[in-house]
Amino acid sequence: MRVVTLTEPDDFDGWRDAARGLVAENVPPDDVVWQVGNEPTDLFATAADPAPTPTPGGISVPRAFLDLARSAILGTDPERFALLYTLLTRLRQEPKLIEDRADPLVRRLDRIAKDVRRDIHKMRAFLRFREVEDGAGSDEGGTRFVAWFEPDNHIVRANAAFFVNRFASMRWSILTPEVSIHWDGKALSEGPGASKADAPDGDPTEEVWKTYYASIFNPARVKIGAMLKEMPKKYWKNMPETALVPGLLAAAQARESGMIAKARDTIGGNSLIAWEALRDEATGCTRCPLYKPTTQTVFGEGPVDAPLMFVGEQPGDQEDIAGRPFVGPAGQMFDKAMAEAGVDRSRAYVTNAVKHFKFEQCGKRRIHAKPGAGEIDACRWWIEQEQMLIKPKVTVALGATAARSLFGKVMTIGRERGRALQLPDGGEAWITVHPSYLLRLPDPAQATEEYARFVEDLRTVGSRIA
């Protein structure tokens with residue numbers, strides 16, 4: 001059994017040199033034990049052997065393997081050195097193996113490398129320096145910037161060059177539990193690991209930054225789930241602005257609720273002013289990226305005391321241009337079916353689950369594209385506010401997207417169609433197809449049959465508000 005001792009847990013150069021020598025001697029992976037420093041090793045291994053002599057000409061391996069190894073070495077999986085050596089030996093016989101992402105060994109190393117790359121990104125994004133007065137001598141004394149960070153992997157040395165290049169004119173230190181790095185403006189040095197108590201808690205400039213951050217904070221752009229996924233709470237303690245986020249969100253929600261309540265009180269229960277305020281606020285919505293390429297927000301339309309509310313999928317090309325829902329071909333079919341069903345269209349409020357037109361550009365035409373789950377969830381707040389203001393007796397979901405928005409989960413039209421359902425807020429809801437579905441049917445006989453079913457669905461919901 002061969003024992004290879006590396007100087008540090010991120011010692012890529014040491015691993016590479018040892019691996020070259022082992023491959024040159026045709027040492028099988030099962031006969032090698034890798035260890036870092038004096039850490040405990042295999043019970044049956046012999047004392048650490050001299051490092052194998054690398055092959056003079058090196059070993060030819062795919063560039064993708066080197067990139068993978070440089071990242072995976074920085075991980076915390078105790079088997080990473082052995083896994084990489086196993087992959088290296090297999091590549092000698094299977095040069096294309098690195099391209100097989102279904103291979104269990106390649107897949108496992110990919111996961112380690114991906115976690116390392118994510119950790120490197122988070123260190124760059126969430127590390128915060130704080131200003132302190134350095135007690136060094138007159139030649140080097142003055143201001144120093146100190147940061148505390150707790151990486152999940154052995155990334156500090158590999159990440160040092162980024163901070164040197166970005167903050168070359170500053171004198172700084174980055175403290176972590178494993179190792180500390182220091183830059184004096186000329187050279188980089190290392191020190192032992194530190195504790196959180198060794199880092200400063202704050203500095204005077206943080207108060208200025210907090211004030212500025214609070215002034216530019218836009219709650220309409222905040223998506224809590226995405227924020228926590230990209231910025232787990234373990235990093236919040238490093239950033240002064242994160243302490244403000246819960247309060248800013250709560251204050252924004254309180255202002256919105258207060259605005260609606262005040263409007264209701266002002267007009268004695270009539271929701272018109274509140275609805276107009278909500279519509280005006282929606283015109284500036286940036287909760288999802290769909291607002292960027294579109295003409296405008298397309299909000300709901302109809303009487304604010306409507307007993308019947310219809311929710312479609314999203315505005316189409318004509319609705320985006322006009323700024324009104326249900327004015328395109330599908331809207332015209334909807335109006336025709338409502339008339340045949342004997343339902344007074346003027347008593348219905350119509351809106352969409354998503355307020356911006358999602359499309360793909362095809363030459364000069366804008367082709368409809370189905371909204372994704374994230375876009376539906378981002379717009380769900382507006383639907384909830386519309387429901388709260390309109391308070392319809394019956395709500396109708398036109399299509400699967402609308403049903404998902406109203407119920408907060410995937411609903412099957414074929415299974416749920418034709419019967420009354422209960423919304424999460426207790427209201428009555430029905431599910432049917434979207435008029436655009438009828439327009440897409442290529443078979444005239446089927447189109448006629450499905451249109452008749454649609455009219456019957458509308459007649460049924462119309463009877464619920466009679």
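The chain holds 16 helices and 14 strands. The model is a predicted one. Of the 466 residues in the chain, 45% are buried. Contacts between residues at least 6 apart in sequence were also examined, and 69% of these join residues at least 24 apart.

One helix pair was examined in detail. Two packed helices are described by the angle between their axes and the distance between the axes. Helix α2 spans residues 63-72 and helix α3 spans residues 80-93. The two pack at an angle of about 170 degrees. Their axes lie 10 Å apart. Angles over 145 degrees count as roughly antiparallel, and α2 and α3 are therefore roughly antiparallel to each other. On the α2 side, the contact is formed by F65, L68, A69 and A72. These residues meet R80, L84, L87, L88 and L91 in α3. By type, the residues of this contact comprise eight nonpolar, no polar and one charged.

The largest nonpolar core contains 33 residues. Within this core, W382 and F407 touch the most other members. Five elements give two or more residues to the core: α9 (272-282), β8 (308-312), α12 (373-390), α13 (400-407) and β14 (428-432). Helix α12 provides the largest share, with eight residues. A second, separate core has 31 residues, including L6, F12, F81 and L97.

The surroundings of W382 were then listed, leaving out residues up to four places away in sequence. On this basis, W382 touches L278, E281, A282, C285, R287, F299 and K355. Charged residues appear among these partners, including E281 and K355.

Two histidines in loops were considered next. H356 sits in the loop between β9 (348-352) and β10 (359-362). Its relative accessible area is 5%. Buried means under 20%, so H356 is buried. The side chain of H356 forms a polar contact of 2.9 Å with the side chain of T297. T297 is also listed among the contacts of H356 beyond four places in sequence. The other residues in that list are C285, L290, Y291, T294, Q296, Q314 and P315. C285 thus recurs, as a partner of W382 and of H356.

H434 occupies the loop between β14 and α15 (435-440). Its relative accessibility is 15%, and H434 counts as buried. A polar contact of 2.9 Å links the side chain of H434 to the side chain of S436. Beyond four places in sequence, H434 touches G312, E313, A330, L398 and G399.

Backbone angles set two further loop residues apart for description. N26 has a positive phi, near 60 degrees, and is a residue other than glycine. N26 lies in the loop between α1 (12-24) and β2 (32-36). With a relative accessible area of 66%, N26 is exposed. F326 is not a glycine either, and has a positive phi of about 60 degrees. The loop that holds F326 runs between α10 (317-322) and α11 (329-341). F326 is buried, with a relative accessible area of 7%. N26 is thus exposed, whereas F326 is buried.

Conventions: Residues are numbered from 1 along each chain as its sequence is written. This is a predicted model: local features need pLDDT of at least 70, side-chain atom pairs count only at pLDDT 80 or more; totals for chains, interfaces and linings use all residues. Side-chain values use heavy atoms; hydrogens and water are left out. Axes are lines fitted to C-alpha atoms, for helices over the stretch in contact, and angles run from 0 to 180 degrees between N-to-C directions. Helices (H or I, at least four residues) and strands (E, at least two) are DSSP runs, numbered from the N terminus. Angles under 35 degrees count as roughly parallel, over 145 as roughly antiparallel, 65 to 115 as roughly perpendicular and the rest as oblique. Contact means heavy atoms within 4.5 Å. A nonpolar core is a set of buried Ala, Val, Leu, Ile, Met, Phe, Trp, Tyr and Cys residues joined through side-chain atoms within 4.5 Å. Buried means under 20% relative accessible area, exposed over 50%, partly exposed in between (1.4 Å probe, protein chains only). A polar contact is a pair of N or O atoms within 3.5 Å; within protein, one must be able to donate a hydrogen and the other to accept it, and residues adjacent in sequence count only if both atoms are side-chain atoms.
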